[in-house]
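Here is a short set of exercises to work through with the model open beside you. Try each task first, then follow the solution step by step.

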Amino acid sequence: MPTKSLPSAAGCTLQDAGDAWDAIRTPRSVGLAAMEILGARCGGVAEGASGTALYFFVPVGTARDWSVGNTRALGPGATVTIPPTRRTDGPGPHWRICPGGKTWLTDPDALRAALGECMRVAPVPERTA
């Protein structure tokens, strides 16, 4: 039975993807570069607990057709740690860009283009595992 929200001691919640949003996980360096390219078009972006990945939130259904190397689409069946809105610094999960009413989701086509540009300029090796 999937959980909608499981709180943690740090105030973070574990939430299911595929309900209100899907997420795209990127390596931190690539995600930071994509954020720069997207600028004001970028929605909420969370940094994971380990500090090695960023999570971009996109419309539900995006994960189904996502195919961008060195990223991972998270849709139904996946969960993402969501930090409290006030948490904007690490260590641990925190917001790189806090979500707002109209800025929660990033347009998937714009994200795909930004990631393509980042990887064309500074390619990130594919994981083999």
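Which pattern does the protein chain follow, read along the sequence?

**Before you start**

This is a predicted model, in which local features need pLDDT of at least 70, side-chain atom pairs count only at pLDDT 80 or more, and totals for chains, interfaces and linings use all residues. Residues are numbered from 1 along each chain as its sequence is written, and side-chain values use heavy atoms, with hydrogens and water left out.

**Exercise 1. Trace the chain and describe its fold in numbers.**

Solution.
- Step 1: Along the sequence, the pattern reads β-β-β-α-β-β-α-β-β-β-α.
- Step 2: That corresponds to 3 helices and 8 strands; helices (H or I, at least four residues) and strands (E, at least two) are DSSP runs, numbered from the N terminus.
- Step 3: Now look at burial: 43% of the 129 residues in the protein chain are buried. Buried means under 20% relative accessible area, exposed means over 50%, and partly exposed lies in between (1.4 Å probe, protein chains only).
- Step 4: Among contacts (heavy atoms within 4.5 Å) with a separation of 6 or more, 73% come from residues 24 or more positions apart.
- Step 5: The protein chain exposes about 7100 Å², and carbon and sulfur atoms supply 55% of this area. Accessible areas come from the Shrake-Rupley method with a 1.4 Å probe; for residues, only the protein chains shown count as cover.

**Exercise 2. Find the surroundings and partners of Glu47.**

Solution.
- Step 1: Locate Glu47 in strand E4 (residues 45–47).
- Step 2: Is Glu47 buried or exposed? With a relative accessibility of 6%, Glu47 counts as buried.
- Step 3: Leaving aside residues up to four places away in sequence, Glu47 touches Arg28, Ala53, Leu54, Gly92, Pro93, His94 and Arg96.
- Step 4: Take Arg28 from that list: its side chain meets that of Glu47 in a salt bridge (3.2 Å, N to O). Arg28 sits in helix H1 (residues 28–38) and Glu47 in strand E4, so this pair links distant parts of the chain, 19 residues apart. A salt bridge here is a side-chain nitrogen of Lys or Arg within 4 Å of a carboxyl oxygen of Asp or Glu.
- Step 5: Next, Arg96 and Glu47 form a salt bridge through their side chains (2.7 Å, N to O). Arg96 lies in strand E8 and Glu47 in strand E4, so the pair ties together parts that are 49 residues apart in sequence.
- Step 6: Compare the arginines: Arg28 is partly exposed at 30% relative accessible area, and Arg96 is partly exposed at 33%.

**Exercise 3. Complete the list of salt bridges.**

Solution.
- Step 1: The structure holds 3 salt bridges.
- Step 2: One of them pairs Asp109 with Arg112, the closest N and O atoms being 3.0 Å apart.
- Step 3: Both residues lie in helix H3 (residues 108–121), 3 residues apart, about one turn of the helix.
- Step 4: Asp109 is exposed at 52% relative accessible area, while Arg112 is partly exposed at 30%.
- Step 5: Salt bridges that share partners join Arg28, Glu47 and Arg96 into one network.

**Exercise 4. Inspect two backbone details.**

Solution.
- Step 1: Most residues other than glycine have a negative phi, and most peptide bonds are trans.
- Step 2: Asn70, not a glycine, has a positive phi of about 65°. Asn70 is in the loop between helix H2 (62–65) and strand E6 (72–74), and is buried at 13% relative accessibility.
- Step 3: The peptide bond from Gly90 to Pro91 is cis, with omega near 5°. Pro91 belongs to the loop between strand E7 (79–82) and strand E8 (94–97).
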